[in-house]
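Hi everyone, thanks for coming. Have the sequence and the structure open in front of you, and let's walk through them together.

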Amino acid sequence: MNRIQTDCAIIGGGPAGLAAAVEAHRAGLDTLIIERDLSLGGILQQCIHDGFGLLRFKRRMTGGQYAQAFIDEVEAEGIEVKLDTMVLEIRPDKTIYAVNEKDGLLEIKAKSVILAMGCRERTRSQVMIYGTRPAGVLTAGAVQRYINMEGYLPGKKAVILGSGDIGLIMARRMTLEDIEVKGVYEIMHTEGGLTRNIVQCLEDYNIPLHLGTTVTKIHGKDRIEGVTVAKVDEHLKPIAGTEEYIDCDLLVLSVGLIPENELSEQLNIEMDPRTRGPVVDEQMMTSVPGVFAAGNVVTVFDLVDYVSQTGEMAARGAVRYIKGETGGNEYRAVEAGDNISFVVPQKISGTVGEVPVFMRVRKPDEKVRLVFSQNGQSQKLKKHAVVKPPEMVCEVIDLGKTTDGPICISVAKE
């Protein structure tokens, strides 16, 4: 068995892991990135569209360009990277067991661990679609990889189920590759992706979006031949008599993302049922001391700039933990108030001052303010012309000035 010792082991070489590695190494930590793919970059490798880096770099970049900017920094810093390496187990004492073809079994003794495994897509079985199991039913991410990286066209006539951002982007991408996109069908009565993607990917290419509609059945034996779609009521149940058959040879599923947390659960980390990720404090530390989480493993973000930001927060937290500067076990809860579905971080120790707080609203609203409440006293924060569930809200709050007791963040009319 090969044995390695390091100050900070980062599991995942996507945007969160790369940003964390650079930040931790510049702070003086001996840093190791463990990545199961053959190259760094994570999902950004297959994101050839632009729109990345607007917050961080103040310019439009493709996913590959954004990833390469951090990969260049990792290489310039001389940070050690283990590619094609699968983590098998993490123990509470932060010992990691991993395996790869070159080194065989690895035992990595780390002083701190940053979980940056990203997220995965929901599949057909998780959205309960009836019918046969033919070829041609793929997730949006799989279609993206086939077209952008492998050079394959997986069909000629496509139906997209779900209006998540990857599905919207692939509606445009398939249209550019001369695949006929029959339409995007969304079970909810509001769109699930960013407004800019609705406009740039659907409206600009005359691709119809059908809200309150879902796929109820798949037809075909060896290859998909078509789908049945139907309108749904306010309880999301199909309405009898509204069924319509659509001829297609490709069904693209864009029905949500799930944080990749098998390793987190193995450590018995406290999980948040709303985000399906770890409960973290303002330093991105989980309930296991010295184990931090960043990026889409915490909650699914809509902007990669936020993913990188949480990676850097986790790295700074790891530095403080190793130096013995963490806040201990005295935490105050950060609660989701009116029209807020979740808040990250979910608790604070008060050892850090200004902290980005990430949240999503439950339902769309206009002309609102965020309200920060504690011990019966409220403080109005930034105005928002429009808030929507698909678009994450980020507010920087000075948590160092808060008093005892839980903190509540709400949305109120201006």
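Let's begin with strand 25, residues 365–374, and strand 28, residues 407–413: they run antiparallel, and 7 bridges join them. If you want one pair to look for, take Val368, whose bridge partner in strand 28 is Lys413. Before we go on, please keep in mind that this is a predicted model.

Now widen the view a little. Strands 25 and 28 belong to an open sheet of 5 strands, in the order 23-21-28-25-26, and the pairing in that sheet is mixed. Which strands stand at the edges? They are strand 23 (347–348) and strand 26 (377–387); each has a single partner strand, so one side of each is left without a neighbour in the sheet.

Where does this sit in the whole chain? The domain assignment gives domain 1 as 1–119 + 256–325, domain 2 as 122–254 and domain 3 as 327–413. Between domain 1 and domain 3, the contact takes 22 residues from domain 1 and 23 residues from domain 3. The centres of those two domains, taken over C-alpha atoms, are 25 Å apart.

Let's move to the other end of the sequence, to strand 1, which covers residues 2–11. Here 7 of the 10 residues are buried, and the strand is mostly covered. Strand 1 runs parallel to strand 6 (residues 104–115), with 9 bridges joining the two. One pair to find there is Asn2 with its bridge partner in strand 6, Leu106. Strand 1 also runs parallel to strand 2, this time with 4 bridges. Together, strand 1, helix 1 and strand 2 make a right-handed β-α-β unit.

I'd like to stop at one residue in strand 1, Ala9. Is Ala9 buried or exposed? With a relative accessible area of 0%, Ala9 is buried, because anything under 20% counts that way. Across in strand 2, Ala9 stands opposite Leu32. Leaving out residues up to four places away in sequence, Ala9 touches Leu32, Ile96, Ile108, Ala110, Ser112, Val113 and Ile114. For a sense of distance, Arg120 is 111 residues from Ala9 in sequence, and their C-alpha atoms are 22 Å apart in space.

Next, a helix. Helix 2 runs over residues 63–77, which makes 15 residues. From its first C-alpha to its last it reaches 22 Å, close to the 21 Å expected at 1.5 Å a residue. Which of its residues are buried? They are Gly63, Tyr66, Ala67, Ala69, Phe70, Ile71 and Val74. And what do they pack against? The partners are helix 1 (15–26), strand 2 (31–34), strand 3 (80–82) and helix 7 (304–322). Just after helix 2 comes Gly78, with a positive phi of about 70°.

Last stop: the cysteines. How many disulfides does a search of the whole structure find? The count is 0. Take Cys408 as an example: the closest cysteine sulfur, in Cys394, is 18 Å from the sulfur of Cys408, which is too far for a bond, because a disulfide needs the two sulfurs within 2.5 Å. Cys8, for its part, counts as buried, because its relative accessibility is 0%.

That's the tour. Please turn the model around yourselves, and ask me anything you like.

Key
Residues numbered from 1 in each chain as written. Predicted model: local features only at pLDDT ≥ 70, side-chain atom pairs only at ≥ 80, totals over all residues. Heavy atoms only, no water. Expected span 1.5 Å × (residues − 1). Buried < 20%, exposed > 50% of the residue type's maximum accessible area, 1.4 Å probe, protein only. Contact = heavy atoms within 4.5 Å. Pairing = 2+ DSSP bridges. Right-handed = clockwise from strand over helix to strand, strands pointing away. Domains from an automatic or database assignment.
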